[in-house]
Amino acid sequence: MIELHLHLDGSLRVETALDLAREQKIVLPTEDVGELRNLMEVPEDCKTLHECLKRFDLPIMLIQTESAVERVTFELVEDLHKLGVTYAEIRFAPQFSTAKGLTQDQVVAAAIKGAKRGMEMYPAIRCGLILCCMRGDNIEEKNLETVEVAKKHMGDVVCAIDLAGAESLFPTAMFEPVFEKAKAYGLPVTIHAGEAIGEVPGPESMRKALAYGAKRIGHGVLALEDETLIKELIEKDITLEICVTSNYHTKLVSSLKEHPIKKLFDVGVKVTFNSDNMTVSNTNIHKEIEILKTQLGFTDEEMNIMQNYAREAAFIK
Ligand SMILES: [Zn+2]
């Protein structure tokens, strides 16, 4: 099984969060694993993508040291291996782990170390790391640094850059200089777009992402609003990294059954299925497969076709 879209900070083990807090003398709102799990998961009444993104504050607070970053990366590789995943691309924003003095370069080096330790211990899994630039105000310098760090580490583990965060508040068009630089460096790009309903329509956001050279788009669910865009996605052989449970949590769809992944698949768009955040969305690749088969009408054969799309779109060949 293949996972192309999975966030490190959204997939932390709850037990590890407790451990890291104790080690770093950080006081959490609770010491109880069950209660902490509730705090780390998206609540049912979460109203928007940017409200859901608040769920990441706690895990991010805990991954501010090299050993914490190394550990959580290793553990995610281990968890994925135990789920039967054989190829995964794990993403995170290095700029989020610099609050206590680490440089983005150190953060990425620590994550690479954790990923490599995971792959050495579990040779059946191959993992890549995608470095996320973030949507936000006054953030260009940090994003440009992420691109530099990606260029430096690009290789057998670091495989691409991404743009993540609150799409409705910070439109894709704001990030042109960042992706110009990525293009100049020839870095592979995937961008979260067409994920949130905001002032800028989803298809316009996705067109920007394509103009920035994205070969894959995170979510892209709102493409269906625009026939010309659908044609363009097919012609340009763009792969969508779809995360059904996550889209339900961010209220992009009002029920799992209404998710348009099957419609996108049926019109010929290369869609893949992914977990996005194993802890925050309380999901994993098996739960996603179950939803696709029981609620969205995918056959086993169609599931295999999507896994082939994922294999073809992998950034590490
Ligand atoms: Zn995502």
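## Basis and burial

A residue counts as buried when its relative accessible area is under 20%. The structure described here is a predicted model. Asp 276 has a relative accessible area of 3% and is therefore buried. His 192, at 4% relative accessibility, also counts as buried. Both residues belong to the zinc site, which is taken up next.

## The zinc site

Which protein residues are the donors of the zinc ion? They are His 5, His 7, His 192 and Asp 276. The three histidines each donate through NE2, and Asp 276 through OD. These donors lie 2.1 to 2.4 Å from the zinc ion.

The angles among the 4 donor atoms run from 82 to 172°, and the site is irregular. A tetrahedral site would need all angles between 85 and 135 degrees, so the range of 82 to 172° does not fit that class. Along the sequence the donor residues follow the spacing H-x1-H-x184-H-x83-D. His 192 sits in strand E5 (residues 190-193), while Asp 276 is in the loop between strand E8 (270-273) and helix H13 (285-294); the pair therefore ties together parts that are 84 residues apart in sequence.

## A contact beside strand E5

Val 189 is located in the loop between H8 and E5. With a relative accessibility of 2%, Val 189 counts as buried. The C-alpha atoms of Val 189 and Asp 162 are 5.9 Å apart in space, although the two residues are 27 residues apart in sequence.

## Pockets

The largest pocket holds about 500 Å³ of space. Its lining consists of 31 residues, and those nearest the pocket centre are Leu 53, Phe 56, Met 134, Gly 165 and Ala 166. Four elements give two or more residues each to this lining: helix H3 (49-52), helix H4 (57-62), strand E3 (126-134) and helix H11 (244-249). H3 provides the largest share, with 3 residues. Sorted by class, the lining of the largest pocket has 15 nonpolar, 10 polar and 6 charged residues.

The second largest pocket has a volume of about 160 Å³. Residues lining this pocket include the run Ser 11, Leu 12, Arg 13, Val 14 and Glu 15, together with Arg 37, Glu 41 and Asp 79. Met 278, Thr 279 and Asn 282 also line the second largest pocket. Its lining divides into 3 nonpolar, 3 polar and 5 charged residues.

## Cavities

How many cavities of 30 Å³ or more does a search of the whole structure find? The search finds 2. The largest cavity has a volume of about 50 Å³, and the second largest cavity is likewise given as about 50 Å³.

The linings can be set out by class. For the largest cavity the classes are 7 nonpolar, 1 polar and 1 charged. Its lining residues are Leu 8, Asp 9, Ile 63, Val 69, Phe 92, Ala 93, Phe 96, Ser 97 and Val 107. For the second largest cavity the division is 3 nonpolar, 4 polar and 2 charged. Here the lining is made by Glu 167, Ser 168, Pro 171, Thr 172, Ala 196, Gly 198, Glu 199, Val 200 and Ser 205.

## Aromatic pairs

The structure contains 3 aromatic pairs. One of them joins Phe 179 and Tyr 212, whose rings are stacked at 5.2 Å centre to centre with 5° between the planes. This pair links distant parts of the chain, since Phe 179 is in helix H8 (residues 176-185) and Tyr 212 in the loop between helix H9 (202-211) and strand E6 (216-219), 33 residues apart. Phe 179 and Tyr 212 are both buried.

What arrangement do the rings of Phe 265 and Phe 298 have? Their centres are 5.4 Å apart and their planes stand at 75°, so the pair is edge-to-face. This pair, too, links distant parts of the chain: Phe 265 is in helix H12 (residues 261-266), and Phe 298 in the loop between H13 and helix H14 (300-313), 33 residues apart. Phe 265 counts as buried at 10% relative accessibility, and Phe 298 counts as buried at 4%. Together with Tyr 309, Phe 265 and Phe 298 form one aromatic cluster.

How values were computed: Residues are numbered from 1 along each chain as its sequence is written. This is a predicted model: local features need pLDDT of at least 70, side-chain atom pairs count only at pLDDT 80 or more; totals for chains, interfaces and linings use all residues. Side-chain values use heavy atoms; hydrogens and water are left out. Donors are N, O and S atoms within 2.8 Å of the metal (3.2 Å for Na, K and Ca); water is not among the atoms, so sites may look incomplete. Four donors count as tetrahedral if all angles lie between 85 and 135 degrees; four count as square planar and six as octahedral if opposite donors are over 155 degrees apart and all others between 65 and 115; anything else is irregular. Buried means under 20% relative accessible area, exposed over 50%, partly exposed in between (1.4 Å probe, protein chains only). On a 1 Å grid over the protein atoms alone, a cavity is a set of points where a 1.4 Å probe fits but cannot get out, and a pocket is an open set with protein on both sides within 12 Å along at least five of seven lines; lining residues have an atom within 4 Å of a point. Grid points are joined across faces, edges and corners, and a volume is the space filled by probe spheres set on the points. Ala, Val, Leu, Ile, Met, Phe, Trp, Tyr, Cys and Pro count as nonpolar, Asp, Glu, Lys and Arg as charged, and the others, Gly among them, as polar. Rings of Phe, Tyr and Trp (its six-membered ring) pair if their centres lie within 6.5 Å; planes under 30 degrees apart count as stacked, over 60 as edge-to-face and the rest as tilted.
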